[in-house]
Amino acid sequence: MMEKMIFGRYVPAESPLHRMDPRSKLLMVFFFVCIVFLANNTMTYVILGIFTLVLIILSKIPFRFLYNGLKPVFWLILFTLFLHVFFTKEGEVLYSIAGLDIYEGGVRQGLFISLRFTYLILITSLLTLTTTPISITDGMEQLLNPFKKLKMPVHELALMMSISLRFIPTIMEETDKIMKAQAARGVDFSSGPIKDRIKSIVPLLVPLFVSAFKRAEELAIAMEARGYRGGEGRTKYRRLRWQTVDSLLIVSLLAVTVLLVIFRT
Amino acid sequence: MREQLVLLDNVVFKYDGQEHNAVDHVSFDVFKGEWLAIVGHNGSGKSTLAKLLNGLQFPLEGKIIVNGMELSEESVWDVRKRIGMVFQNPDNQFVGTTVQDDVAFGLENAGIEPEIMRERVKNALKRVKMDQFLNQEPHHLSGGQKQRVAIAGVLALQPDIIILDEATSMLDPRGREEVLETVRELKEENVLTVISITHDLEEAAKADRMIVMNQGTVYRNGTPREIFQLEEELISLGLDIPFSIKLAKSLRENGVEIEDRQLTDGELVKELCELNSRM
């Protein structure tokens with residue numbers, strides 16, 4: 001189930017967005033999160049909307065996957081919408097029910113904030129839907145490289161991330177195996193009061209941790225035997241290539257920023 | 001003339017807090033291009049030998065010379081470039097997220113240029129017949145396939161020696177056959193010297209030479225043919241002799257006249273067929 005959550009995110013396809021360098025996509029998401037706050041009127045929200053829509057079309061991701069990303073936060077969006085509709089008192093009164101006045105400003109504000117949420121989620125989903133976890137790791141390592149000067153263990157962090165990604169399915173498989181073994185010995189994982197169910201996790205976690213530590217030790221020995229001695233003097237097999245499309249993405253984002261600054265009130 | 005590649009001279013090693021030496025005054029040599037099997041029951045010191053050869057542990061006494069270099073704290077990284085190791089658990093030595101990343105791991109460590117890396121990864125995977133699986137993730141591979149990828153990871157570094165530390169003991173019979181077949185082919189192409197550490201005597205029977213370890217010392221050193229003559233002695237050391245030899249022995253005891261010792265099932269079958277046609 002976990003596997004679906006993490007690996008099911010990436011949707012393989014042949015699209016300009018898939019082919020882009022993970023660095024440009026990461027930068028794009030970072031900047032987008034910042035400039036989304038520049039928008040404050042209909043025109044600026046439309047500009048951001050067009051930008052998001054163009055990226056979605058370029059990514060060739062079926063709408064179903066984007067909808068799945070939105071689903072968990074759907075209630076949060078609705079909640080903020082209603083909060084603003086009922087409690088922001090600005091502009092003319094549009095309607096009043098049971099003593100509650102609904103103001104024009106409240107509706108506007110509510111819609112804008114919900115749109116802001118939706119844009120943010122769509123853009124971040126686009127990153128994870130079009131980029132493999134390992135490319136995201138590589139991209140982050142490259143982007144964080146300057147921070148090495150500040151003694152930040154960038155290489156180690158990236159290696160930790162990629163080893164974790166590699167071992168998730170292995171550990172999931174093992175969890176499944178231990179669960180079955182314990183169930184065969186009479187442990188009940190799926191029924192009874194919450195307290196008992198939490199207790200029944202203990203005989204699952206203990207063997208899982210023991211074996212994870214054993215794996216870690218063996219992996220460390222294997223890595224050392226294969227000549228691993230830290231990030232110094234290491235080369236990278238996977239090379240990131242910054243192409244024209246990547247520059248285009250950043251330039252178009254800058255253009256959107258300029259438009260936002262011009263049209264905001 | 002046989003060229004000496006590895007030399008162990010009076011090597012002693014003891015784990016902290018243990019009374020007996022895990023490896024006790026062991027001396028032997030390994031020649032270029034041979035397949036040496038080191039056998040022994042649990043705790044005989046055979047796995048410790050593997051760790052010593054690769055500098056994962058250092059001997060308390062004696063010295064180890066690999067390819068003319070004496071193994072020490074300074075030379076250990078150079079020695080590791082000459083010796084590749086394949087461990088027991090296929091999962092716990094797979095570092096990369098995909099097959100090609102894993103093979104490249106050792107090359108990345110050695111600081112090889114990416115263009116050369118690509119070439120070497122491809123060639124190494126072709127050698128072990130895993131080049132169809134370049135982008136496969138480890139959890140979609142069988143144990144035997146994972147071990148072959150581990151061998152490819154060793155090959156890519158172009159070492160002189162490969163050490164198989166119980167590399168087939170966690171595999172099913174088919175996976176074991178795949179891995180041993182791969183190793184045999186590599187040895188025949190004269191690329192590698194093989195040191196296989198195992199308690200599987202069927203596997204050891206395929207080697208050129210065998211060393212039997214017992215309680216940290218070299219008990220016997222000879223060809224599989226010579227070693228299997230020991231029969232009872234081997235059994236008393238906690239080792240089981242291969243089925244074909246056991247069968248030949250009881251046939252002989254029951255008055256069937258078969259010659260010499262047959263090491264593998266194939267040899268025994270051939271011998272019996274010949275005998276049958278003579279009768």
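Two residues are in contact if their C-beta atoms, placed from the backbone, lie within 7 Å. Keep that cut-off at hand for the exercises below, which explore a predicted model.

**Exercise 1. Describe the contact between chain B and chain A.**

Solution.
Step 1: Start with the two sides. Chain B brings 30 residues to the contact, and chain A brings 26 residues.
Step 2: Look for the elements on the side of chain B. Those that give two or more residues are α2 (76-82), α3 (99-109) and α4 (114-127) of chain B.
Step 3: Find the main contributor. The largest share of this side comes from α3(B), with 7 residues.
Step 4: Sort the residues on the side of chain B by character. They divide into 13 nonpolar, 11 polar and 6 charged.

**Exercise 2. Work out how each chain is divided into domains.**

Solution.
Step 1: Take chain A. Its domain 1 is made of two stretches, 2-131 + 241-263, while its domain 2 covers 146-225. The C-alpha centres of these two domains of chain A lie 35 Å apart.
Step 2: Turn to chain B. The domain assignment gives domain 1 as 4-236 and domain 2 as 242-279. Between the centres of these two domains of chain B, taken over C-alpha atoms, there are 32 Å.
Step 3: See how the domains of chain B meet. Domain 1 of chain B puts 8 residues into the contact, and domain 2 of chain B puts in 6 residues.
Step 4: Name the elements on the side of domain 1 of chain B. Those giving two or more residues are α7 (201-204) and α8 (224-228) of chain B; α8(B) gives the most, with 3 residues.
Step 5: Sort that side of domain 1 of chain B by character. It has 4 nonpolar, 1 polar and 3 charged residues.

**Exercise 3. Trace the open sheet of 4 strands in chain B, then find the helix that packs on it.**

Solution.
Step 1: Read the strand order, which is β2-β1-β4-β5 (chain B), with antiparallel pairing.
Step 2: Pick out the edges. β2 (23-31) and β5 (69-70) of chain B each pair on one side only.
Step 3: Zoom in on one pair. Strand β1 (residues 4-13) and strand β4 (residues 61-66) of chain B are joined antiparallel over 5 bridges. Within this pair, B:L8 has B:I64 in β4(B) as its bridge partner.
Step 4: Add the helix. Helix α1 (residues 46-53) of chain B packs on the sheet and touches β1, β2 and β4 of chain B, with its direction at about 120° to that of β1(B).
Step 5: Choose a residue of this helix. B:L53 lies in helix α1 of chain B, and B:L53 counts as buried because it has 25 C-beta neighbours inside 10 Å, where 20 or more are needed. Leaving aside residues up to four places away in sequence, B:L53 touches B:V6, B:I64, B:I83 and B:I163.

**Exercise 4. Do the same for the open sheet of 6 strands in chain B.**

Solution.
Step 1: Follow the order β6-β7-β8-β3-β9-β10 (chain B); here the pairing is mixed.
Step 2: Locate the edge strands, β6 (83-86) and β10 (217-222) of chain B. From one strand to the next, the twist averages 20°.
Step 3: Examine a parallel pair. Strand β3 (residues 35-39) and strand β9 (residues 209-214) of chain B pair in the parallel sense over 4 bridges, and B:I38 stands opposite B:I211 in β9(B).
Step 4: Place a helix on the sheet. α5(B) lies across β6 and β7 (161-165) of chain B, at about 170° to β6(B).
Step 5: Stop at B:M85, in strand β6 of chain B. B:M85 counts as buried because 28 C-beta neighbours lie inside 10 Å. Among the residues B:M85 touches are A:A225 and B:I163. The C-alpha atoms of B:M85 and B:I151 are 66 residues apart along the chain and separated by 8.1 Å.

**Exercise 5. Find the largest nonpolar core.**

Solution.
Step 1: Give its extent. The largest nonpolar core has 80 residues, and those with the most contacts inside it include B:I38, B:V86 and B:I163.
Step 2: Identify the element behind its largest share. Helix α5 (residues 143-156) of chain B supplies 7 residues.
Step 3: Note the second, separate core. This one has 17 residues, among them A:F32, A:I123, A:L129 and A:V256.
Step 4: Return to B:I38. Its contacts include B:L49, B:I195, B:I211 and B:M213, not counting residues up to four places away in sequence.

Key: Residues are numbered from 1 along each chain as its sequence is written. Chains are lettered from A and ligands numbered from 1 in the order in which they are written. This is a predicted model: local features need pLDDT of at least 70, side-chain atom pairs count only at pLDDT 80 or more; totals for chains, interfaces and linings use all residues. A nonpolar core is a set of buried Ala, Val, Leu, Ile, Met, Phe, Trp, Tyr and Cys residues joined through C-beta atoms within 7 Å. A residue is buried if 20 or more other C-beta atoms lie within 10 Å of its own, exposed if 12 or fewer, and partly exposed in between; C-beta atoms are placed from the backbone. Domain bounds come from an automatic or database domain assignment. Ala, Val, Leu, Ile, Met, Phe, Trp, Tyr, Cys and Pro count as nonpolar, Asp, Glu, Lys and Arg as charged, and the others, Gly among them, as polar. Two strands pair if DSSP finds at least two bridges between them. Axes are lines fitted to C-alpha atoms, for helices over the stretch in contact, and angles run from 0 to 180 degrees between N-to-C directions.
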